[in-house]
Amino acid sequence: MLRGNDVKAVPRDEIHSCDLIVVVGGDGSILGVARDFARSQIPVVGVNRGSLGFLADIWPDEVEKQLHRVLDGDYRFEEHFLIQQTVHRQSGIAHESSALNDVVVSSGSLSRMMEFRLSIDDEFVYEQRSDGLLVSSPTGSTAYSLSAGGPIMHPRLDAIAIIPMYPHTLTSRPIVVPGNFKLRIEVGHETHGARTSSDSQVDFELAPDDVVEISKHEHVLQLIHLSTHSFYEACRSKLDWGSRLGLPHD
């Protein structure tokens with residue numbers, strides 16, 4: 001087993017030529033790796049040092065045993081697509097970023113709402129006054145989207161969820177659309193201070209009349225899970241689902 005003085009640090013650009021990326025941390029660490037290395041198509045395996053997480057399923061106290069299983073071929077690939085956002089301004093493209101979990105367009109303040117217009121595949125959907133809009137991939141459906149009242153989607157599903165954030169109406173509900181649909185969010189001309197965020201890690205301040213276009217990214221994250229991994233077991237343990245009414249949890 002490698003000791004501390006046996007580990008060699010290398011520049012980030014050299015990582016693009018490796019065969020496997022081992023991420024030690026929580027899901028947030030994997031989000032950053034996905035944005036940086038998805039186009040390289042290098043498989044990623046996560047060692048979970050966080051708490052609530054669905055992407056890293058190797059535990060630190062079993063890291064040597066379970067990584068040996070991976071190296072021996074006892075694993076399976078799971079592809080997670082990213083979503084891409086592009087902010088258009090009168091002067092041209094103002095911002096571009098990708099996200100594994102979600103893109104959030106928000107008012108930027110808890111004390112005010114924003115106005116925007118949503119179109120899907122060039123078809124008008126609605127104009128809304130709310131705290132914003134959350135656009136989630138299936139991967140992100142168990143993250144911020146879940147807290148905002150969005151649906152849980154299986155990671156293999158080719159779909160995107162659109163979740164209004166505290167809309168000023170009682171009838172606005174989440175929408176799930178095919179993954180190849182393109183979204184267009186037009187910021188109201190009197191909306192100031194709005195922001196857009198990718199995975200809550202890459203932020204950008206929007207201006208009135210900005211247009212945010214969101215679509216499925218051309219690259220996917222090649223995530224490695226142990227062959228015994230189960231999405232539903234992860235939901236049971238991390239979301240405290242009961243297996244049978246009236247019985248204590250295991």
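## The largest cavity

In this predicted model, two elements, β3 (75-89) and α4 (231-238), each supply at least two residues of the lining of the largest cavity. The space inside the largest cavity comes to about 100 Å³. If you would like to find the cavity on screen, look for its lining residues: F54, L55, E78, H80, P138, T139, T142, P155, H225, H229, F231 and A234.

What kinds of residues make up this lining? Six of the residues are nonpolar, five are polar and one is charged.

## The second largest cavity

The count of cavities of 30 Å³ or more comes to two. The second largest cavity has a volume of about 40 Å³, and the elements giving two or more residues to its lining are α1 (27-37) and β14 (211-226).

Around the second largest cavity you will find V33, A34, F37, A38, Q41, I42, V44, V220, L221 and Q222. By class, this lining holds eight nonpolar and two polar residues, with no charged residues.

## A six-stranded open sheet

Now to the strands. Six of them form an open sheet with antiparallel pairing, and the order to follow across the sheet is β10-β9-β8-β5-β12-β13. Which strands sit at the edges? They are β10 and β13 (202-205), each of which pairs on one side only. On average, neighbouring strands of this sheet are turned by 15 degrees against each other, direction ignored.

One pairing to look at in this sheet is that of β5 (residues 102-106) with β12 (residues 195-198), which runs in the antiparallel sense over four bridges. To pick out one of the bridge partners, start at S106: its partner in β12 is R195.

## Two loop residues with positive phi

Two residues other than glycine are worth a look for their backbone angles. D121 has a positive phi, near 50 degrees, and is placed in the loop between β6 (114-120) and β7 (123-130). Y166 also has a positive phi, near 50 degrees, and lies in the loop between β9 (159-165) and β10 (175-178). The strands on either side of the Y166 loop, β9 and β10, both belong to the six-stranded sheet described above.

How exposed is each of these residues? D121 has 36% relative accessibility, so it counts as partly exposed. Y166 has 63% relative accessibility and therefore counts as exposed, since exposed means over 50%.

Methods: Residues are numbered from 1 along each chain as its sequence is written. This is a predicted model: local features need pLDDT of at least 70, side-chain atom pairs count only at pLDDT 80 or more; totals for chains, interfaces and linings use all residues. Side-chain values use heavy atoms; hydrogens and water are left out. Buried means under 20% relative accessible area, exposed over 50%, partly exposed in between (1.4 Å probe, protein chains only). Two strands pair if DSSP finds at least two bridges between them. Axes are lines fitted to C-alpha atoms, for helices over the stretch in contact, and angles run from 0 to 180 degrees between N-to-C directions. On a 1 Å grid over the protein atoms alone, a cavity is a set of points where a 1.4 Å probe fits but cannot get out, and a pocket is an open set with protein on both sides within 12 Å along at least five of seven lines; lining residues have an atom within 4 Å of a point. Grid points are joined across faces, edges and corners, and a volume is the space filled by probe spheres set on the points. Ala, Val, Leu, Ile, Met, Phe, Trp, Tyr, Cys and Pro count as nonpolar, Asp, Glu, Lys and Arg as charged, and the others, Gly among them, as polar.
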